[in-house]
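This briefing concerns a predicted model. Please read the points below alongside the sequence and the coordinates.

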Amino acid sequence: MQRADEGLAFLLRYENVAWYEDGKVRILDRRIYPVRTEYVTCTRHEEVAQAIADMVTQSGGPYTAAAMGMALAAYEARALEEDAYLAYMKKAAYTLSHARPTTVEKMKRVVERALGRLERELKNGTPLSGMPEKLKEDAVDSLNANYSRYDRLAMHLADKIPNGGTVMTQCFAETIIGTLLRECRKRGNEIKMICPETRPYYQGARLTASVACDMGFDTTVITDNMPAYTMKMKNVDIFTSAADVITMDGYVVNKVGTFQIALAARYWGIPYFTTGTPNAAHPNIDSVKIELRDPALVTESMGLKHTMEGVKGYYPAFDVTPPKLVDGIVTEKGILSPFNLKAYFELPDHTASELPC
């Protein structure tokens, strides 16, 4: 089986994101990694959806989990008649794609791809018993294509980092972090990474920092109230983050805290580059629903409560960074202005052009 995850950190190897095998989906529990390396095992696609909702996996992980969840659903339904089977798979696709409200449109693309493969296999006479492996194969093909796309994206972002430069991140940008570091190593550019911790799940401290350290790069973790001061004192060269949604009017929806780091970067004259793809399903920022998570999670840290009884919490999972604070949207096609995202859909694939920002 062809793999595009060679040379990447443990956390980014396919089996350590989400993996279907023998009627089960195994998902690395990112809520506790790297303190402990444990997996959540799902025997129903509803359990996969719940694992996504419960943040067992996040960043790019839910998309892999959803694809593998479709293979699991195909296993669950293997004894049904074809009409009932198709209805079951469509229901499973809805359940998996709606596990978290802010990313529904992106998740739909994952499950719709699986449904498309399913329909083609049915036309080709593939027995229902063989469908789980076909959907797993499709999930791996999608991972390979995604990792390869991020290789191209990483080349554009790496062009913006000076030799020996310092990069500040936010949350966990998943594949782009691994492919960016792999690209920098290929160029002989031993960059330094500064990772805000990203409460309440500490994705920056536990995931981004682990990937960078695992791949042998100089890595420093800071708390979430340190970015502005650290940018100046540590001579940060660029700030970069992924995006859960990039709207067509140029707004970046990402892990809460991104907006305030972008503000600090603008104050110090440090460029902020977002990685991802403009989403035509979100024509403007008003089309995005910001997920509100359990407020109790901000009154504790890794399961240890640290507030008095009666103190309330507030936990928006994402915030919104306006286009005027974004120096460029880095895509596999090049770097685009946040004020001209229609150009993404007009450019051919694999172009290396950079549009003026």
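Helix α5 passes helix α6 in a right-handed crossing. In this predicted model, α5 spans residues 131-158 and α6 spans residues 175-186. A mixed open sheet of seven strands is the other main topic below.

**Packing of α5 and α6**

- The two helices pack at an angle of about 60°, and their axes are 8 Å apart.
- This angle makes α5 oblique to α6, because angles from 35 up to 65 degrees fall outside the roughly parallel and roughly perpendicular classes.
- On the α5 side, the contact is formed by N146, Y147, Y150, D151, L153, A154, M155, L157 and A158.
- On the α6 side, the residues met are T175, I176, T179, L180, R182, E183 and C184.
- Sorted by class, this contact has ten nonpolar, three polar and three charged residues.

**Organisation of the sheet**

- The seven strands follow the order β6-β5-β4-β7-β10-β14-β15, and their pairing is mixed.
- The edges are held by β6 (218-222) and β15 (334-336).
- Each edge strand has a single partner strand, so one side of each is left without a neighbour in the sheet.
- From one strand to the next, the twist averages 30°.

**Strand β10 and its partners**

- Strand β10 covers residues 272-275, and in the sheet order it stands between β7 and β14.
- Towards β7, the pairing is parallel and consists of three bridges; F239 has Y272 in β10 as its bridge partner.
- Towards β14 (residues 328-331), the pairing is likewise in the parallel sense, over three bridges.
- Within that second pairing, T274 is bridged to I329, and T275 has V330 as its bridge partner.
- Which residues cover the two faces of β10, and are they buried or exposed? Y272 and T274 lie on one side and F273 and T275 on the other, and all of them are buried.
- Y272 thus appears both as the bridge partner of F239 and as a buried residue of β10.

**Helix α9 across the sheet**

- Helix α9 (residues 258-268) lies across four strands, namely β4 (166-168), β5 (192-196), β7 (238-241) and β10.
- Relative to β7, α9 runs at about 160°.
- Among the strands under α9, β7 and β10 are joined to each other by three bridges.

Technical notes
Residues numbered from 1 in each chain as written. Predicted model: local features only at pLDDT ≥ 70, side-chain atom pairs only at ≥ 80, totals over all residues. Heavy atoms only, no water. Pairing = 2+ DSSP bridges. Axes fitted to C-alpha atoms, helices over the stretch in contact; angles between N-to-C directions. Contact = heavy atoms within 4.5 Å. Parallel < 35°, antiparallel > 145°, perpendicular 65-115°, else oblique. Left-handed = near helix turned anticlockwise from the far one by under 90°. Nonpolar A, V, L, I, M, F, W, Y, C, P; charged D, E, K, R; others polar. Buried < 20%, exposed > 50% of the residue type's maximum accessible area, 1.4 Å probe, protein only.
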